[in-house]
Amino acid sequence: PTAALYKSAENGLHWRTDFDVLGRSWELMFSATPAYYKNKSIWQSWAVLAVGLLFTMLLSLFLYSRSKQIEKLEKINIELRQEIIQRKAYELKIREQSDFSNTILEASANVIVVLDLNACFVVFNPAAEKMTGYQCDEVTGKPIWDFFIPREQEADVKNIFGHLSKGEVNIADNYENEWLVRDGSRRLLHWSNSVLYDTDGK
């Protein structure tokens with residue numbers, strides 16, 4: 001007997017075999033029915049297609065998410081670089097201004113002092129050191145009346161700084177007063193005053 005498995009373009013998949021019985025030749029043929037093809041192959045094809053589509057969708061979502069994250073990180077990096085550049089430029093400008101101001105303070109022949117709202121010294125330049133006999137580190141952070149204001153003027157000076165601390169700016173642009181120096185003598189000084197404000201306008 002012979003057997004063959006073949007596929008006809010017209011009739012689909014078939015199986016046939018030839019054999020002899022009692023001196024006669026017999027041919028046995030089997031053909032797949034449409035229901036067989038439907039149950040066997042269609043669901044497999046759809047399963048493969050569904051898995052492929054699902055994988056493609058997941059991969060696309062992953063790549064899209066990654067691209068958005070990369071885009072966001074690049075934007076943040078650009079903003080950070082710009083902020084760093086601006087900050088460095090600002091710091092350089094402040095340093096240059098500070099160096100310029102320090103140069104003026106150091107070189108000036110005039111007495112230059114800066115007091116905070118509590119009348120404590122913040123700046124005390126070399127000319128002030130030379131005139132008073134006190135070093136900058138001796139007076140920095142301490143109130144002016146502890147060193148230089150004659151007792152009879154102390155109440156008036158404290159009253160002025162009391163108004164300044166409350167935001168009541170009422171100080172003369174120019175005035176004269178005496179300072180006590182280290183050797184006990186007095187020096188008559190003519191002052192040009194300016195009120196300094198911080199970034200909040202205080």
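Here are five short exercises, with worked solutions, on the predicted model shown above.

**Exercise 1. Getting your bearings**

Find how many helices and strands the chain has, and the order in which they run.

*Solution.* Start with the count: the chain has 4 helices and 7 strands. Next, walk along from the N terminus, where the order reads β-β-β-α-β-β-α-α-α-β-β. Then look at burial: of the 202 residues, 17% are buried. Finish with the surface, which comes to about 15,900 Å², with 59% of that area belonging to carbon and sulfur atoms.

**Exercise 2. The nonpolar core**

Work out which residues of the largest nonpolar core touch the most other members, and which elements supply this core.

*Solution.* First, the core has 19 residues, and those touching the most other members are Phe121, Phe124, Val139, Ile144, Trp145, Phe148 and Trp179. Second, at least two residues of this core come from each of β5, α2, α4 and β7. Among the contributors, α4 gives the most, with 3 residues. Third, pick out Phe124 and look beyond its neighbours up to four places away in sequence: its contacts include Val139, Phe148 and Trp179. Those three also appear in the list of core residues that touch the most other members. Phe124 also touches polar or charged company, including Glu129, Thr132 and Gln135.

**Exercise 3. Asparagine 125 and alanine 127**

Decide whether asparagine 125 is buried or exposed, and find what its side chain reaches. Then do a similar check for alanine 127.

*Solution.* Begin with location: asparagine 125 sits in the loop between β5 (121-124) and α2 (126-132). Its relative accessible area is 2%, and buried means under 20%, so asparagine 125 is buried. Now follow the side chain, which comes to 2.9 Å from the backbone oxygen of asparagine 110. Setting aside neighbours within four places in sequence, asparagine 125 contacts Leu105, Ser108, Asn110, Val111 and Ile112.

Move on to alanine 127, which belongs to helix α2. With a relative accessibility of 13%, alanine 127 is buried as well. Not counting residues up to four places away, alanine 127 touches Ser108, Ala109, Asn110 and Val111. Compare the two contact lists: Ser108, Asn110 and Val111 appear in both. As a last step, take alanine 107, which is 20 residues from alanine 127 along the chain; their C-alpha atoms are 8.4 Å apart.

**Exercise 4. Salt bridges along the helices**

Find the salt-bridge partners of glutamate 71, glutamate 83 and glutamate 154, and explain why the partners in the last two pairs are about one helical turn apart.

*Solution.* The structure holds 6 salt bridges.

- Glutamate 71 pairs with lysine 68, with the closest N and O atoms 3.9 Å apart. Both lie in helix α1, 3 residues apart, or about one turn.
- Glutamate 83 pairs with arginine 87 at 3.1 Å, N to O. They are about one helical turn apart because 4 residues separate them in helix α1.
- Glutamate 154 pairs with lysine 158, the closest N and O atoms being 2.8 Å apart. Here too the separation is about one helical turn, because the two are 4 residues apart in helix α4.

Now check the cover: glutamate 154 is buried at 18%, whereas lysine 158 is partly exposed at 38%. To round off, Glu152, Glu178 and Arg186 are linked in a salt-bridge network.

**Exercise 5. A nonpolar patch**

Identify the residues that make the nonpolar surface patch of about 390 Å².

*Solution.* The patch is made by Leu54, Met57, Leu58 and Leu61. Take leucine 54 as an example: this residue lies in helix α1 (residues 34-107), and leucine 54 is partly exposed, with a relative accessible area of 45%.

Methods:
Residues numbered from 1 in each chain as written. Predicted model: local features only at pLDDT ≥ 70, side-chain atom pairs only at ≥ 80, totals over all residues. Heavy atoms only, no water. Patch = residues over 30% accessible without salt bridge, like charges linked within 9 Å, V, L, I, M, F, W, Y side chains within 5 Å. Areas by Shrake-Rupley, 256 points an atom, 1.4 Å probe, with all protein chains shown as cover. Salt bridge = Lys/Arg side-chain N within 4 Å of Asp/Glu carboxyl O. Buried < 20%, exposed > 50% of the residue type's maximum accessible area, 1.4 Å probe, protein only. Polar contact = N/O pair within 3.5 Å; in protein donor to acceptor, adjacent residues only side chain to side chain. Contact = heavy atoms within 4.5 Å. Core = buried A, V, L, I, M, F, W, Y, C linked by side-chain atoms within 4.5 Å.
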